[in-house]
Amino acid sequence: MCSKSVYPESKRVGLGLLIRYDWRFGLLSHLYKYIPAVLIFLLSCASLQAGVGYDTAAGILPPVRLSLGDYLLHTFRGIPVYHLVRQNTDNAFILPALWLILNLYPTFLVGGYPLNDLHGYGQQILTRSGTRTRWWLSKICWNVSSVFVFYLVGYAVLLLYACVTGSPAFEATASVADHYFLSGTGTVPTAQWLPYALVLPFLTTAAVCLLQLCLSLFIRPILSYIAVVCLMVASSYFCTPLLIGNCSMLARGAFATAEGIPLMVSLFTLIGVIVLSILIGGIRFHRYDILNKA
């Protein structure tokens, strides 16, 4: 296939060449799969703009000019802390559909390529790399790069939408934050919530995708995907950093509620999951029966 033209047959493949191979055949050749990412973030922006427009017309909100900060808070809001023992209208559980799509679509993007690569020319690349460690680290870099591109596209959409419809400022509109995010958060300084919005969504999705990659070495890829779906749904019900989906919900951050998760706790938890997934996956891959599995 075309892969034979990438490297000479006699050339030993180093880590840098492996990463370029994965970027070319696992990322750049699949850029069309990021079109839904554009639509997802556009839908988030449009839903907030429509809701604010309706409430403004109804006299519920004063006329406002939505900012980039408003779109960030809305997109990565998630849902407030849910208490199973409090069954009332103020504590009704609503599945955070947008938040789930944001976190699960990237797992679809990265779910099949690594092991599928072993079915074809990837076996020769692995052999010529001289060590399984290089192949594994290359797939880690590809995985994280794919998630990074997803969020790069998403943040670009949010910024462009804010520039066209309102303001590119990070400062959130107090009345919009109180009404659409959480009551009482309209006066929270931008510096307190911005790191949650710019860092944790990417880190959470990267951790989930690497966990999925690690699990796929122990169980079938479809089962690893089901496992991370269950993880994210469970995160909606229970507020604990051990269910790492909570780390990307801004409504469950310490700046938003007394029951929320502090930024540093989320960072250490996510980095821990990332490191463990890389280490455990690497150990497993060194013992992985490639010929029988492929």
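## Aromatic contacts, a surface patch and one salt bridge in a helical chain

R284 lies over the face of F218, with 5.2 Å separating it from the ring centre. The model in which this arrangement appears is a predicted one. F218 belongs to the loop that runs between helix 10 (200–215) and helix 11. With a relative accessible area of 45%, F218 is partly exposed, since the partly exposed class lies between 20% and 50%. A second arginine is placed in a comparable way: R132 lies over the face of F285, at 5.4 Å from the ring centre.

The protein chain contains 13 helices and zero strands. Of its 294 residues, 49% count as buried.

**The nonpolar patch**

F218 is also one of the residues of a nonpolar patch on the surface. The other members are I219, I222, L223, I226, I271, V275, L276, L279 and I280, and together with F218 they have about 870 Å² of accessible area. Helix 11 (221–237) and helix 12 (263–286) each contribute at least two residues to the nonpolar patch. Helix 12 provides the largest share, namely five residues.

**Aromatic pairs**

Across the whole structure, a search finds 18 aromatic pairs. One of them joins Y82 and Y237, and this pair is edge-to-face because the ring planes stand at 75 degrees, with the centres 5.9 Å apart. Y82 lies in the loop between helix 3 (68–75) and helix 4 (97–110), whereas Y237 lies in helix 11; the pair therefore links distant parts of the chain, 155 residues apart. The two partners fall into separate accessibility classes: Y82 counts as buried at 11% relative accessibility, while Y237 is partly exposed at 32%.

Y151 and F202 form another edge-to-face pair, with 6.5 Å from centre to centre and 90 degrees between the planes. This pair, too, links distant parts of the chain, with Y151 in helix 7 (residues 132–165) and F202 in helix 10, 51 residues apart. Y151 is buried, its relative accessible area being 3%. The geometry of the two pairs is set out below.

| Aromatic pair | Centre to centre | Angle between planes | Arrangement |
|---|---|---|---|
| Y82 and Y237 | 5.9 Å | 75 degrees | edge-to-face |
| Y151 and F202 | 6.5 Å | 90 degrees | edge-to-face |

Y151 and F202 also take part in a cluster linked by ring pairs. The cluster further includes F41, F76, Y105, F108, F148, F150 and Y155.

**The salt bridge**

Side chains of opposite charge can pair when their charged atoms come close. The count for this structure comes to one salt bridge. D22 and K139 form a salt bridge in which the closest N and O atoms are 2.9 Å apart. Because D22 lies in helix 1 (residues 15–27) and K139 in helix 7, the pair ties together parts that are 117 residues apart in sequence. Both D22 and K139 are buried.

**A buried serine**

S67 is located in the loop between helix 2 (35–57) and helix 3. With a relative accessible area of 3%, S67 is buried, as residues under 20% are placed in that class. A polar atom of the S67 side chain lies 2.6 Å from the backbone oxygen of E171.

Definitions and conventions:
Residues are numbered from 1 along each chain as its sequence is written. This is a predicted model: local features need pLDDT of at least 70, side-chain atom pairs count only at pLDDT 80 or more; totals for chains, interfaces and linings use all residues. Side-chain values use heavy atoms; hydrogens and water are left out. Patches are made of residues with over 30% relative accessible area and no salt bridge: like charges are joined within 9 Å, nonpolar side chains (Val, Leu, Ile, Met, Phe, Trp, Tyr) within 5 Å. Accessible areas come from the Shrake-Rupley method with a 1.4 Å probe; for residues, only the protein chains shown count as cover. A salt bridge is a side-chain nitrogen of Lys or Arg within 4 Å of a carboxyl oxygen of Asp or Glu. Helices (H or I, at least four residues) and strands (E, at least two) are DSSP runs, numbered from the N terminus. Buried means under 20% relative accessible area, exposed over 50%, partly exposed in between (1.4 Å probe, protein chains only). Rings of Phe, Tyr and Trp (its six-membered ring) pair if their centres lie within 6.5 Å; planes under 30 degrees apart count as stacked, over 60 as edge-to-face and the rest as tilted. A charge sits over a ring if NZ of Lys or CZ of Arg is within 6 Å of the ring centre and within 35 degrees of the ring normal. A polar contact is a pair of N or O atoms within 3.5 Å; within protein, one must be able to donate a hydrogen and the other to accept it, and residues adjacent in sequence count only if both atoms are side-chain atoms.
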